[in-house]
Amino acid sequence: MIVLAAGKGTRMRSRRPKVLHTLAGQSLIDRVLRTSRTLVPKTITVVVGHQSELVQTALSHHDDLQFARQELQLGTAHALQQTRSALAATQGTLVVLSGDVPRLSSATLTRLLDAHEATGAAGTVLTATLKRPYGYGRIVRSQGEMVGIVEETDATREQRNIREVNGGVYAFDIEPLFDALDQISEAGPKHERYLPAIITSYRRRGLSVGTVTAADPDEIRGINSQTELAEVSSIVRQSKNEELMGAGVTIEDPSTTYIDDDVTVGPDTIIHPGVRLEGRTQVGERCELQSWVRVVDSTIEDDCIVKNCCVVTEARLASGTVVGPFAHLRPGSILEFGARVGNFVEMKQATLGRGSKANHLSYLGDATVGDRVNVGAGTITCNYDGGTKNRTTIADGAFVGSGTQLVAPVTVGQDGYVAAGSCITEDVPSGSLGVARARQENKPGWVEKKRKSE
Ligand code: UD1
Ligand code: CA
């Protein structure tokens with residue numbers, strides 16, 4: 001298996017290598033690699049060139065890839081030639097994918113490979129019939145047989161009307177391939193050596209070439225510009241939304257709902273407009289995610305409500321929890337069964353126990369809060385002393401009055417009380433009341449005295 005990914009992607013007008021642009025949370029090349037793996041290939045070689053270090057680093061989570069370098073980007077045929085030594089000992093079929101064709105399905109790829117092997121052709125090209133074939137190589141046929149592929153820039157006006165295009169995905173017998181590649185000469189305005197030119201070259205040598213047509217033409221959509229990236233993103237998004245709606249999820253406005261491929265959502269969950277669910281997020285059944293909620297790599301169990309404008313990252317919400325509006329749950333936030341977090345509350349590496357509440361304007365960082373605890377408005381865990389992060393523990397049944405600062409490390413014992421406005425620097429034992437504030441003094445007649453002196 002070969003993935004061509006050395007091109008500059010000039011038309012993206014971006015500094016980032018084209019294949020590293022992301023589509024619904026995954027880079028283009030990761031998508032292509034994921035599909036390629038479903039064929040269980042013996043080896044996968046990625047041809048890299050433009051900003052090859054960046055591409056290789058971005059792919060370092062795959063530990064079985066081989067890389068071939070194409071120092072100068074002299075065209076797709078030249079790119080494929082660079083894999084010759086990597087494949088020296090290999091025989092059989094070689095599948096060639098383009099790193100910028102991210103929506104190819106494994107079913108279509110399997111069909112290409114099966115057809116290639118069944119027909120015994122020397123090469124098989126994946127094609128599709130597009131309404132707008134602009135930019136793609138056109139499949140030229142004579143008496144039904146493919147006789148060549150002509151690139152947009154080299155096509156005659158008549159050829160430009162051909163709507164069957166080259167998908168940039170091929171199966172080849174390795175044996176005649178590399179000798180034929182050597183013979184492809186430069187063509188087109190940029191003097192590149194085109195891989196699709198191999199069709200004419202094969203036919204000249206009497207080698208047969210076949211085609212397989214993708215049932216869904218959108219599968220072969222290539223990404224060459226930001227506009228195409230946005231168009232294909234919207235197709236990917238729409239199909240994810242349709243899959244979820246087909247499984248019983250209510251999505252009020254699919255056009256503004258952004259859900260990454262690997263996200264799962266249970267039936268009867270209602271998703272309001274403008275919601276974004278990313279990465280490995282899992283959402284249970286009968287939840288309500290209100291507008292402008294962003295959830296990243298988090299688990300939300302059944303029957304939860306996340307109200308408007310919350311950001312939830314690497315957090316876990318057990319069933320029956322209610323969050324927001326305007327809450328920020330940072331990594332390591334855990335809400336146990338029935339816990340509630342209200343507006344303008346921030347949590348980080350903090351657990352809020354069963355049925356506990358932090359309803360207004362609080363910061364809970366590096367904290368363990370037990371069950372049935374009430375965290376009053378404006379409570380702050382002072383977890384950072386400038387050097388280290390320290391933990392606050394609040395045991396089951398405790399009541400923390402409003403406006404409290406808990407200077408960690410500190411513990412409030414079971415059923416303990418903290419008086420509102422306290423700055424707690426020492427542990428509050430179970431069952432005790434901790435008060436840590438100056439006593440109030442009232443000065444009778446003070447106002448009148450002040451006025452007289454003015
Ligand atoms: C290519 C095909 C075209 C097809 C289309 C499908 C050629 C000449 N044309 O056109 O027939 O319809 O794909 O999407 O092949 N690459 C390299 N090295 C290079 C040049 C390109 O590795 O020197 C890689 C790119 O990174 C990319 C892929 O090959 O992943 C395709 O290159 P691109 O320039 O996008 O080709 P298209 O013009 O889209
Ligand atoms: Ca392309």
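**Exercise 1. Describe the largest pocket of this predicted model: its space and the residues at its centre.**

Step 1. Start with the volume. The largest pocket holds about 1600 Å³ of space.

Step 2. Turn to the lining. It is made up of 50 residues. Nearest the centre of the pocket lie Arg11, Lys18, Asp100, Gly135 and Asn224.

Step 3. Place the lining on the fold. Three elements give two or more residues to it: α3 (76–81), β10 (164–173) and α8 (226–246). The most comes from β10, which gives 4 residues.

**Exercise 2. Sort the lining of the largest pocket by residue class.**

Step 1. Take the polar class. It has 20 residues.

Step 2. Add the other classes. There are 16 nonpolar residues and 14 charged ones.

**Exercise 3. Describe the second largest pocket in the same way.**

Step 1. Give the volume. About 350 Å³ of space lies in the second largest pocket.

Step 2. List the residues. The lining has 16 of them. Arg31, Pro102, Arg103, Leu104 and Asp261 are the closest to the centre of this pocket.

Step 3. Find the elements. Both α1 (28–37) and α8 give two or more residues to the lining of the second largest pocket. Here α8 gives the most, with 4 residues.

Step 4. Sort by class. The lining of the second largest pocket has 7 charged, 6 polar and 3 nonpolar residues.

**Exercise 4. Find α8 in the linings of the two pockets.**

Step 1. Check the largest pocket. Helix α8 is among the elements that give two or more residues to its lining.

Step 2. Check the second largest pocket. Helix α8 is listed there too, with α1.

Methods
Residues numbered from 1 in each chain as written. Chains lettered and ligands numbered in written order. Predicted model: local features only at pLDDT ≥ 70, side-chain atom pairs only at ≥ 80, totals over all residues. Heavy atoms only, no water. 1 Å grid on protein atoms, 1.4 Å probe; cavity = no way out; pocket = protein on both sides within 12 Å on 5 of 7 lines; lining within 4 Å. Points joined across faces, edges and corners; volume = space filled by probe spheres on them. Nonpolar A, V, L, I, M, F, W, Y, C, P; charged D, E, K, R; others polar.
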